[in-house]
Amino acid sequence: MISLPAIESTLVPRFARETDEGPVIAVEAMGPSESPEVVLFTTRAASRDDVNRWIREAGLSPLHYVRQVIDVDAIPVLGTGKTDYRGLVEKHRRA
């Protein structure tokens with residue numbers, strides 16, 4: 001098992017700016033439950049190689065590496081202001 005919040009907390013400083021309103025990245029597992037892939041949704045351009053290098057430099061294992069980077073216009077949030085991971089994944093599955 002891997003910690004998706006650990007991946008996010010490692011990557012947020014690379015993407016976030018003080019002027020941001022709302023989240024600029026979200027990390028979620030997608031695909032079959034037997035072998036899900038770690039996916040990074042981002043509102044900022046990033047290469048998978050750079051992202052995985054940052055994860056490695058933070059000391060996380062290769063199990064934490066991102067398999068796919070998906071550019072999005074915005075990261076959806078719930079009424080509480082927290083990231084709407086379910087909505088994000090559902091929107092991506094339909095697209």
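The following questions and answers go through a predicted model, from its sheet to its cores and a few single residues.

Trainee: In what order do the strands of the open sheet lie?

Mentor: The sheet has three strands, and their pairing is mixed. The edge strands are β1 (25-30) and β3 (68-71), each of which pairs on one side only. The order is therefore β1-β2-β3.

Trainee: Which pair of strands is parallel, and which is antiparallel?

Mentor: β1 and β2 pair over six bridges, in the antiparallel sense. One example in that pair is Ile25, which stands opposite Thr42 in β2. On the other side, Val39 stands opposite Gln68 in β3. That second pair, β2 and β3, has four bridges and is parallel.

Trainee: By what angle are neighbouring strands of this sheet turned against each other on average?

Mentor: The sheet in question is the open one with the order β1-β2-β3. With direction ignored, the average turn between its neighbouring strands is 25°.

Trainee: Which residue in the hairpin of β1 and β2 takes a positive phi?

Mentor: The hairpin has six residues between its strands. A phi near 105° is found there, and the residue that takes it is Gly31.

Trainee: How many residues of β1 and of β2 are buried?

Mentor: A residue counts as buried when its relative accessible area is under 20%. By that rule β1 is mostly covered, and β2 is mostly covered as well. For β1 the count is five of six residues, and for β2 it is also five of six.

Trainee: Which helix lies across β1 and β2, and at what angle does it run to β1?

Mentor: The helix made of residues 4-15 is α1. This helix lies across both strands. The angle between α1 and β1 is about 150°.

Trainee: Which element gives the most residues to the largest nonpolar core?

Mentor: That core has 15 residues, and those with the most contacts inside it are Ile7, Leu11, Phe15, Leu40, Val51 and Ile55. At least two residues come from each of α1, β1, β2 and α2. The most, four residues, come from α1.

Trainee: How many residues are in the other core?

Mentor: In soluble globular proteins, nonpolar side chains tend to be buried together. Here a second core lies apart from the largest one, with Ala26, Val39, Phe41 and Leu88 among its members. Its residues number nine.

Trainee: What kind of aromatic pair do Phe15 and Trp54 form?

Mentor: A search of the whole structure finds one aromatic pair. The ring centres of Phe15 and Trp54 are 5.8 Å apart and the planes stand at 80°, and an angle over 60 degrees counts as edge-to-face. The pair is therefore edge-to-face.

Trainee: How many residues apart along the chain are Phe15 and Trp54?

Mentor: Both residues are buried. Phe15 is in helix α1, while Trp54 is in helix α2 (residues 48-57), and the pair links distant parts of the chain. The separation is 39 residues.

Trainee: Is Thr42 buried or exposed?

Mentor: Thr42 lies in strand β2 (residues 37-42). Leaving aside neighbours within four places in sequence, Thr42 is in contact with residues including Phe15, Val24, Val69 and Ile75. Its relative accessibility is 0%, so Thr42 is buried.

Trainee: Which backbone atom does the side chain of Thr42 reach?

Mentor: The distance is 2.9 Å, and a polar contact needs N or O atoms within 3.5 Å. The atom reached is the backbone nitrogen of Arg44.

Trainee: Is Ile75 buried or exposed?

Mentor: Ile75 is found in the loop between β3 and α3. Not counting residues up to four places away in sequence, Ile75 touches residues such as Pro23, Ala26, Phe41 and Thr83. At 8% relative accessibility, which is under 20%, Ile75 is buried.

Trainee: How far apart in space are Val72 and Ala45, C-alpha to C-alpha?

Mentor: Val72 has its place in the loop between β3 and α3 (85-94). Leaving aside neighbours within four places in sequence, Val72 is in contact with Phe41, Thr42, Thr43 and Leu88. Val72 and Ala45 are 27 residues apart in sequence, and their C-alpha distance is 9.6 Å.

Notes. Residues numbered from 1 in each chain as written. Predicted model: local features only at pLDDT ≥ 70, side-chain atom pairs only at ≥ 80, totals over all residues. Heavy atoms only, no water. Phe/Tyr/Trp six-rings, centres within 6.5 Å; stacked < 30°, edge-to-face > 60°. Buried < 20%, exposed > 50% of the residue type's maximum accessible area, 1.4 Å probe, protein only. Polar contact = N/O pair within 3.5 Å; in protein donor to acceptor, adjacent residues only side chain to side chain. Contact = heavy atoms within 4.5 Å. Pairing = 2+ DSSP bridges. Axes fitted to C-alpha atoms, helices over the stretch in contact; angles between N-to-C directions. Core = buried A, V, L, I, M, F, W, Y, C linked by side-chain atoms within 4.5 Å.
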